[in-house]
Structures are given as structure tokens and as C-alpha cells.
Amino acid sequence: MAEGESCTAPAAEIKEDFEIIDKKQIPNTTELKSEEKEKTEEARWSAPILSLAKKASENLALGYGNALKSAALVGFISKPVRGFAPARYHAMEERANLMNMMKLSIKILIQSALSLGRTLDSDFPPLQQFFVVLEHCLKHGLKVKKTFIGQNKSFFGPLELVEKLCPEASDIATSVKNLPELKTAVGRGRAWLYLALMQKKLADYLKVLLDHKHLLSEFYEPDALMMEEEGAVIVGLLVGLNVIDANLCLKGEDLDSQVKIKFLLRITAVLDQKHYVEELNRHLSCTVADLQNKIDCLEKTNSKLQEELAAATDRIGSLQEEQQQLKQQNELIRERSEKSVEVTKEDTKVELDTYKQSRQGLDEMYSDIWKQLKEEKKIRLELEKELELQIGMKTEMEIAMKLLEKDTHEKQDTLVALRQQLEEVKAINLQMFHKSQNAECSLQQKTEAISSFEGKTNEMMSSMKQMEERLQHAEKARQTAEERCNKMKQELAGRLDTCRQQMSQLDSKCSTLEKELKSEKEQRQTLQKELHQEKDATTLLKTELQQMEGLKKELRKLQDEKQQLEKVCEEQEQALQEMGLHLSQSKLKMEDIKEVNKALKGHTWLKDDEATHCKQCEKEFSISRRKHHCRNCGDIFCNTCSSNELALPSYPKPVRVCDTCHTLLLQRCSSNSS
């Protein structure tokens, strides 16, 4: 683009993404082809980072081109003249590219190491990419030192300063010097980097170097990456590598081999390959649109699932609140029932104690009364025996009277009265016998009977006196009979007195017994009342027990409801877990889609003309050994190195995959499934 054109057509310049600064930097197609051949020869070291370099160069070229263009339009920077390329902008672009590539390589290394889950060895591809980028970062801006042999430009010189600044690094320096297979300074520098990474002190050693920039100025230019702020940023990124465990093999041949990577910005190469890039962009835009549609669908499903989750959480919250309320009600009911049960237990205990005490008193009273009854029975038996004796005496008297009747048979007229009197005496005796049997009769009847008996006895005495007067004139034999009768009368009078005394005693005992019976009746009535009260208390207790049984039934119902609610909660928790599983699966799908995007953006599809040897076994292709593309990384392999087939997210059916991609994808699937 000429200066006149730049002045006359500013609108055309605004549409462009960036401006070509120097024509000398534009390579020809022959140069590009030669560079591609060199890249295939150096594929062992340079191929892993080509994708990173292209990506970083494209992004940074676009960013810096737009920034410079906008600044030129505003007027802050005068638009550079064609043919003039300031070294300052060139160094800035190189530093930015190196820093971005370092970020990408460290990120890929950490992610792949964590997914791998074991110690890394020297053949691990992301680790090789990292060391290549780190070597270029340390080589950026190195000063050329002239020696007797020739010009020397190696990054091992500044690394030797670490031994002086940090005595802990002396072990690394001595071990590097003791390796006999190392012949070049580059190999020693690489060995030093390997050992520092294995010790997890690479960031610390480089930080010590950056803290002494006055010493680094002997080895680096002022615009070098290690002398600017980008160096501190890279050291901060290297701290994340302390998570990785590495076990690297220090082989002199591998470390001394030269890596020829011309890491410069090739903006014109991107312009020459404009049509190819446009086609790739169209293809990628279509795939990105499809993936965005899938992402939108997944986001919609995620939003629906989140809404369902929110509704489920609300339901669970309401159910938990109801459960808490039910628990509180259950606790209140339990407390009330326990309190009522305790009160009833205490009341029953007190009532039982009082009942036992009253029962003991009643038992004692009953035993006393029973003893008194036994004593009264004994007394009554004694009285009955005495009455039997009296009856026997009466029978004897009757026999004696019969004998007298026989003796006085001659004088029947005179003895009729005596017989009548004797009959009356017999009647009185019979009455006395009946009175003794009816001891419970009133005392008045007894006194009247006694008074009548006394009158009759007086009458008998008068009659006996008359008989004595009449019998005075009788025979002497009658005198003896009368004397016998007098004796009998005296004996009967004494016995009557004793009977009266005994009757009075029996009356007093009957009165006392009646009083005791009344008291016993009163006690029985009180006991019956107490028994009625106890029966009422037992009925109340029975009703309370029935209420308790009803409460227990209610508690059982509440427990059943609680179990049902717990089942519902468990079912909802299971549903939530299933929802979480669906969400995790959708997230995994999203990650797979993102990885597909990264794979589509990062990996390039090699052309058949570009590959002459297999990337893995490095055997030359021929008619018998045909070329096969790996659908994951895009490189070309032989049939033996790419005989595996796997289902990729971008392909619906299983497709051909190389051995390294096959192992990596299997490890990723196993980690995702775990």
C-alpha cells in the first residue's frame, strides 16, 4: 500500500484488520514451502507447539494491529511510513507472543497432568511443549558473546548465576557438571531446567534471577523478556507447576540436540493463506453455530432443571417446615402425656399408700374384733354349760318332787296345792330357761319376771307356812319331808341369786356387745364409703388410661404420617440426586463440546502432501504403507499406528484414532466416569 493511497483512502484502511509494516518481512511461497519441510523434519520438537504459535500470533497480530490502527486514526500515533519497522514494536510483539504461549503451555500441562494422575516422564508431549517454550523465553534477547572458538549464545550463562545467588541450587549445578554425556551449553541448560522442575523450585530460582536484574543485564538486552514485566508474569505462572510430580530422564543425546524453531511473527503468511483461512473459518463457524445451538438447548434444559430444582427445594422447605411443626406438636403432646402420666402415677402411688395404710388399720381392727368374738363365743359356751347344769339340777328337783308326790300320795288334797305350786315353779323354771335363751330381751321383762317370781316365791313361802301349820299336825315323817323341802328351798334361793347375778352380768355384756356392734357397723359403713371412693378413683384412672390409649393411637398415626413424609422426602431427595446426575451429565456434555471446539480450533488437518513419514513410528509411506488421518488431532499415521476406532463428539459413528489420542481419550473417559 503506497503513501498516497494511505492518504487518499483512509476508509479502506479502517476496514482492514492490520497494516503491513515492512515488505521485507513478507515471505515468498517458496520460502513457506521450505519452512514447512523444515518443520516436518523437526516435528519431534516443533510440531506440538505449532498450533499454539499460530493461535497466539493470529490473536496478537489482530489485537496489536487494531490497537495501532485506532491510535493512528485518533492521532496519538503518527502512521508509520512503509518500509520502516521499529524494533521496539517488534520486541513487544515477540514478548507478548511468548507470554501467551507460555500461559497456554502451562495450562495444558497442568490440565493433562491432573487428568493423567501419575508422575510425568520426559516423553510426555505437553511437557516437551512447555520446555520448548521456556527455552525460547530464556533465549529471547540474549547477548552474543565472542570467544576464541566463535560467537556463543546460550541461556545456561544466566542460569549459572543462581548457584551464586541461592546456595540451595548448588546441588543442581554440581549434578549438571557431573553428567559426562553433556557436551553443549544448551544441553546443560536443559538438564538444569529438568532438575529444577523435579525439585519444584523452578519458579523460586527464576525469581532470584529477576530480583538481580543488574546481573542479568550482562546477558540480556534491555528489551529482553527476562528484563521486562513479562518475565515476572511468567515466573508467577511457573508457581502453578509445583502441583506436578515429574521423573525425567537426563540423556545427553536428547538434551544436546538442537531445536530449530524460528519463532517470529508471520503476518504476511496469514495473508497469503487468506482463502484457506476463510474456508477454515467458514467450516469452524458452521460447527460453532451448531455447537452454540446445542449449548442453547442445553442451557434451556439447564434452566428448566434449575426451575424444577427450585420448585423441589421450595417443596422440600415447606415439607421440612411442616415436619418441624409436626415434631413440635408431637413433642408438646408427649410432654403433656408424660406430665399427666407422672401426675396420675404419683396420685395412684399416694392413693395406694393410703389404701394400704387404711387396709392395715382395718385388718388390725378386724383381727381385734375377731379375737373379741372368739372370747364372747367362749363365754357363751361356758354360760350354756352352766345352763345345762341348771337344767340337770331342775331334772333332779323334778325327780325329788315325784318322790315327794309318792310319799304324800295319801294326802293328795293337801299336796295338790304343792303340786300346783311345783308346776308353777316348773313354769317359772321354764320361763327362766326361755329368758336365758332370749338374753337379748329387754331388762324390764326380766325385772317383771323376777318380781313375779319373787311374789310367787312369797306366795309359796306363805303357802309353805300354811302347809307347815297344817303339817304340824301331820306325822313326823312329814316333818322330815318338810325339812328336806326347806333345804331344797334354801338351795333354790341361793341358786336364784346366783342366776340373777349372772343375768345382770349377761345384760351388761350384751349392752357392751351392742355398742361394739354399732361401732363396727359405723366402721363398715366408712369402709364401704372408702371402697366406693376407691372404685370412683379406679374408674377415673380407667378413663384416663383409655384417653392415654387414644393418645397412643394418635401418636402411632402421627408416626405413620411422619414415616410417609420421610418416604416422600427420600423420594424427593432421590429425584434431586437424579436431577443432579442429569445436570452433571449435561455439564460433562458441555465440557465435551468445549473440548471439541478447542480441538477444532487448536488442531490442524495436515494435507497428504505435507507428510512423508508416520508421525509415531517415523516410517516412510509407500504403496504398501498408506496414509491415514487421525480424526482427533489431524496428523497422518500409518495403518498400524492408527488402527484404533472411537466415537468422538463431532462424529456420530466410531472413527479412526491414533494410539496416543486413543489412550488420552480413554483416560479422559475413565476420569469423567469416576
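**Stop 1: K200 and its loop**

Select K200, which sits in the loop between α10 and α11. As you look, keep in mind that this is a predicted model. What is the phi of K200? It is positive, at about 60°, although K200 is not a glycine. That is worth a pause, for most residues other than glycine have a negative phi. K200 counts as partly exposed, because its relative accessibility is 31%.

**Stop 2: back along α10**

Now select residues 185-199, which form helix α10. The residue that follows α10 is K200, the one with the positive phi. The helix has 15 residues and reaches 21 Å from its first C-alpha to its last, close to the 21 Å expected at 1.5 Å a residue.

Is α10 largely enclosed or largely open? Eleven of its 15 residues are buried, so the helix is largely enclosed by the rest of the structure. To see this for yourself, color the buried residues, among them V186, G187, W192, Y194 and L197. R190 of α10 is buried as well; we will meet R190 again at a later stop.

**Stop 3: K201 and E168**

Show the side chains of K201 and E168. They meet in a salt bridge, with 3.4 Å from N to O. Why does this pair tie together separate parts of the chain? K201 lies in the loop between α10 and α11, while E168 lies in the loop between α8 (156-165) and α9 (170-177), so the salt bridge links parts that are 33 residues apart in sequence. K201 is partly exposed, because its relative accessibility is 30%.

The idea behind such pairs is simple: side chains of opposite charge can pair when their charged atoms come close. In the whole structure, a search finds eight salt bridges.

**Stop 4: D211 in α11**

Move on to helix α11, residues 202-211, and pick out D211. Buried or exposed? D211 counts as exposed, because its relative accessibility is 53% and the cut-off for exposed is over 50%. Next, add A232 to your selection. D211 and A232 are 21 residues apart in sequence, and their C-alpha atoms are 9.5 Å apart in space.

**Stop 5: along α16**

Select residues 274-407, which make up helix α16. There are three things to look for here.

- **A salt bridge within the helix.** R359 forms a salt bridge with D363, and their closest N and O atoms are 3.9 Å apart. Both residues lie in α16, four residues apart, which is about one turn of the helix. In general, an α-helix has 3.6 residues a turn, so residues three or four places apart point the same way. R359 is partly exposed, with a relative accessible area of 42%, and D363 counts as partly exposed at 42% relative accessibility.
- **A negative patch.** Select E331, E335, E338, E342, E346, D347, E351 and E544, which gather in a patch of negative charge on the surface. Which helix gives the most to the patch? Helix α16 does, with seven residues. One of the patch residues, E342, is found in α16 and is partly exposed, with a relative accessible area of 48%.
- **A nonpolar patch.** Y366, W370 and L373 make a nonpolar surface patch of about 320 Å². W370 is found in α16 and counts as partly exposed, at 40% relative accessibility.

**Stop 6: D497 and R500 in α19**

Helix α19 covers residues 476-602, and in it D497 and R500 are three residues apart, so they are separated by about one helical turn. Show both side chains: they meet in a salt bridge, at 3.8 Å from N to O. D497 counts as partly exposed at 39% relative accessibility, and R500 is partly exposed, with a relative accessible area of 29%.

While salt bridges are on your mind, select E135, K139 and R190: salt bridges that share partners join these residues into one network. This is the R190 that you saw among the buried residues of α10.

**Stop 7: E618**

For the last stop, go to E618, in the loop between α19 and β3 (628-629). Which sign does its phi have? The phi of E618 is positive, at about 60°, although E618 is not a glycine. Our starting point, K200, has a positive phi of about 60° too. E618 is exposed, with a relative accessible area of 54%, whereas K200 counts as partly exposed at 31%.

Technical notes
Residues are numbered from 1 along each chain as its sequence is written. This is a predicted model: local features need pLDDT of at least 70, side-chain atom pairs count only at pLDDT 80 or more; totals for chains, interfaces and linings use all residues. Side-chain values use heavy atoms; hydrogens and water are left out. Patches are made of residues with over 30% relative accessible area and no salt bridge: like charges are joined within 9 Å, nonpolar side chains (Val, Leu, Ile, Met, Phe, Trp, Tyr) within 5 Å. Accessible areas come from the Shrake-Rupley method with a 1.4 Å probe; for residues, only the protein chains shown count as cover. A salt bridge is a side-chain nitrogen of Lys or Arg within 4 Å of a carboxyl oxygen of Asp or Glu. Lys and Arg count as positive and Asp and Glu as negative; His and the chain ends are not counted. The place of a charge is taken as NZ of Lys, CZ of Arg, CG of Asp or CD of Glu. Helices (H or I, at least four residues) and strands (E, at least two) are DSSP runs, numbered from the N terminus. Buried means under 20% relative accessible area, exposed over 50%, partly exposed in between (1.4 Å probe, protein chains only). The expected span of a helix is 1.5 Å times one less than its number of residues.
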